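Work through the exercises below with the structure open beside you. Try each task before you read its solution.

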Amino acid sequence: MVRRRDDAMVSFDVSADTSGDAVEQGAGHDGGARTPEPPRPGWLERAAAWWRAASPRRRRATAGVGGGAVLVLVGGLVAGGAAAAHLESERLRAAPGGVLSLAGELTEAWSRDGSGVVAVLDGGRLAFVEDRTLVVHDAADGSEVWRAALGPDLECGPRPRLSSGVEWTMPSTTLTCVHGDDGERTVTVLDADGAVVGDRVLDPEVYGGEHVRVAPAAAGGLAVVEHVIDLPGRRTVENSPTTQQLVEEIDPNGLGAATLRMEDALTGQVRAESTANRWPMSLQDCVWFSADAEGRPRPATTRIELWGVRQPVATPSVVGYQMCQGGTGLATDGTPLDVADVTGVSFADLQGLGVVEPFPGGGHVVPGPRGGTVLVTAEEGRREDLGGRVRVPAAQVGPVEPELVAVRELSTAVGIGDDGAVRWEAELGGDPDVLARVAGTTVVATDASSELVALDDADGSERWRVDLVHPAPDGRWVQPTSAVTDGERVTVALVEGLDGGPTWAGSLVTVDLATGEARRTELDGDGLPWVTAVDGHLLLHELDPGGGGFAAWPRIAAVKMLEPR
């Protein structure tokens, strides 16, 4: 059920002051504060000053001659301004991580508990699963648009990943849903207005059994993976010196070939297909140990499970399958992504490095067979010499130059043009994550500090940096998860904690891109925060902190729409 709220969250300024060891906001890369030039009066201010200084006769003459021209001029300015505002609004709505405004305190407009967004539809509408029912809400105000009762164990998609800002800008015109008890599963396709396009009963002889898994896919599709795995499933064993031997005794030949198909959900016709048959040489690379937390510091038991996701992952941009650091995948248009020979490939949401994801300029960034990354497009094929591991920004507005920002040697950001030439390099002292690219600025955070750093896209020089934890007690850390932008500001979601202590939801920090001035909005939810944008609206997703493990999707405790006030 959607809740609407008018109460504001607590906001306060986190811009560093000029005393002590605080970081000076708006400082240039040479450490000196910038002194802005006095602004030149605009045409309206200059005209008003002239009018006050003019004689009554001069005023009357001017008014008589220019009155009609002023009406035409003002009318033209109003129409031109409205057109420009409309164009900017449309640009932000279509941009990954683009929101209409971040000016002011961010407050909760509406919220929905219990499930995450399973699909984004045309017109800024969001689909959720509520038990046996598919429910669609308007992102602008949370109002219910339509609902459809389908059946038990309901799964719908294509589902956008929180880790991909691009996928939230790829609305679907149809929804695919799989529902029903084991052996009696049905796939139903609905249009964006809730009308049933058609359905098909899935033959249990073809789609049943533990070695076949399905997932709802884009464009009325169904993702199907067939993978015979003759290995023990998840189990819990008592700790002993021989625990490791349980893994060493597993036969690596138990992992056979995996076949991934994209089918038409209603006809079963195969649209595209891909196979994976390259797995780690040692299954010790395929097994995950997790000790019994209740037995600390000397846990009595250990859980052993395969490192992988048994079901296919289907998003608005990709269909993929991953198991034991290997896998295969396709773009939703059927373009092969050629990752069958890559170790460490990932399609599941929030699974770290090696993820296959769409690029804001088109195509997909995929891990390369020799490290680094490859850009795959249907038109140009594979671009392999990208100069490092490309970081896909969470938010990007408009065309950017240089085209790519990559990372070399885990600490150097590199700007790379569309011709493959290096435009600049910036040493950051840690592995940088690119949060946003907008207005000639690249905003990054590294794993070696608690700061946001803005780089000038022209030469890679530092524009400003913001300390995310000052003032704070020793041992406090922050981890940026995601970002959105309105073209003038960037808002970053933070997970916070103390070394050896608790972790909490943290806050949102909004930074002015021009000056580096920052303000913080404290969050009062229980989940870990992640932000995305849909049709210009800011969504805050609260992740269940206990929802880890090897799953295609994180567990979402609540989704909230925030807006400035």
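**Exercise 1. Pairing around β41**

Task: find how strand β3 and strand β41 pair, and over how many bridges.

Solution. Step one: locate strand β3 at residues 106–113 and strand β41 at residues 556–564. Strands here are DSSP runs (E, at least two residues), numbered from the N terminus. Step two: check the pairing rule, by which two strands pair if DSSP finds at least two bridges between them. β3 and β41 pair in the antiparallel sense over 7 bridges. Step three: pick one bridge. Trp110 has Met561 as its bridge partner in β41. Step four: look at strand β40, residues 537–543, which also pairs with β41 in the antiparallel sense, over 6 bridges. Here Glu542 is matched with Ala558 of β41.

Before going on, note how the values arise. This is a predicted model, in which local features need pLDDT of at least 70 and side-chain atom pairs count only at pLDDT 80 or more, while totals for chains, interfaces and linings use all residues. Residues are numbered from 1 along each chain as its sequence is written, and side-chain values use heavy atoms, with hydrogens and water left out.

**Exercise 2. Two open sheets**

Task: give the strand order of the open sheet of 4 strands, and name its edges.

Solution. Step one: the order is β8-β9-β10-β11, with antiparallel pairing. Step two: β8 (155–157) and β11 (196–201) each have a single partner strand, so one side of each has no neighbour in the sheet. Step three: from one strand to the next, the twist averages 15°. Such angles run from 0 to 180 degrees between N-to-C directions, with axes fitted as lines to C-alpha atoms. Step four: β10 (residues 186–191) is joined to β11 by 5 bridges, and the two run antiparallel.

Task: now do likewise for the open sheet of 5 strands.

Solution. Step one: read the order as β27-β31-β32-β33-β34, with mixed pairing. Step two: the edges are β27 (395–396) and β34 (462–467), each pairing on one side only. Step three: strand β33 (residues 451–456) runs antiparallel to β34, joined by 5 bridges. Val453 has Arg465 as its bridge partner in β34.

**Exercise 3. The surroundings of Thr188**

Task: is Thr188 buried or exposed?

Solution. Step one: place Thr188 in strand β10. Its bridge partner in β11 is Asp199. Step two: apply the cut-offs, where buried means under 20% relative accessible area, exposed over 50%, and partly exposed in between (1.4 Å probe, protein chains only). Thr188 has 4% relative accessibility, so Thr188 counts as buried. Step three: list contacts (heavy atoms within 4.5 Å). Beyond its neighbours within four places in sequence, Thr188 touches residues including Leu150, Leu175, Cys177 and Val196. Step four: measure across the chain in the model. Thr188 and Ala265 are 77 residues apart in sequence, yet 7.7 Å apart in space, C-alpha to C-alpha.

**Exercise 4. Salt bridges**

Task: how many salt bridges does the structure hold?

Solution. Step one: use the cut-off, a side-chain nitrogen of Lys or Arg within 4 Å of a carboxyl oxygen of Asp or Glu. The structure holds 30. Step two: take Glu263 and Arg200, whose side chains meet at 3.6 Å, N to O. Glu263 is in strand β15 (residues 255–264) and Arg200 in strand β11, so this pair ties together parts 63 residues apart in sequence. Both residues are buried. Step three: take Arg408 and Glu425, which meet at 3.1 Å, N to O. Arg408 counts as partly exposed at 27% relative accessibility, and Glu425 as partly exposed at 48%.

Task: which parts does the salt bridge of Glu496 and Arg520 tie together?

Solution. Step one: the closest N and O atoms of this pair are 3.2 Å apart. Step two: Glu496 lies in strand β36 (residues 489–498) and Arg520 in strand β38 (residues 518–522), so the bridge links parts 24 residues apart in sequence. Step three: Glu496 is buried, with a relative accessible area of 1%, and Arg520 is buried at 4%. Step four: salt bridges with shared partners also join Glu108, Asp524, Glu542 and Lys560 into one network.
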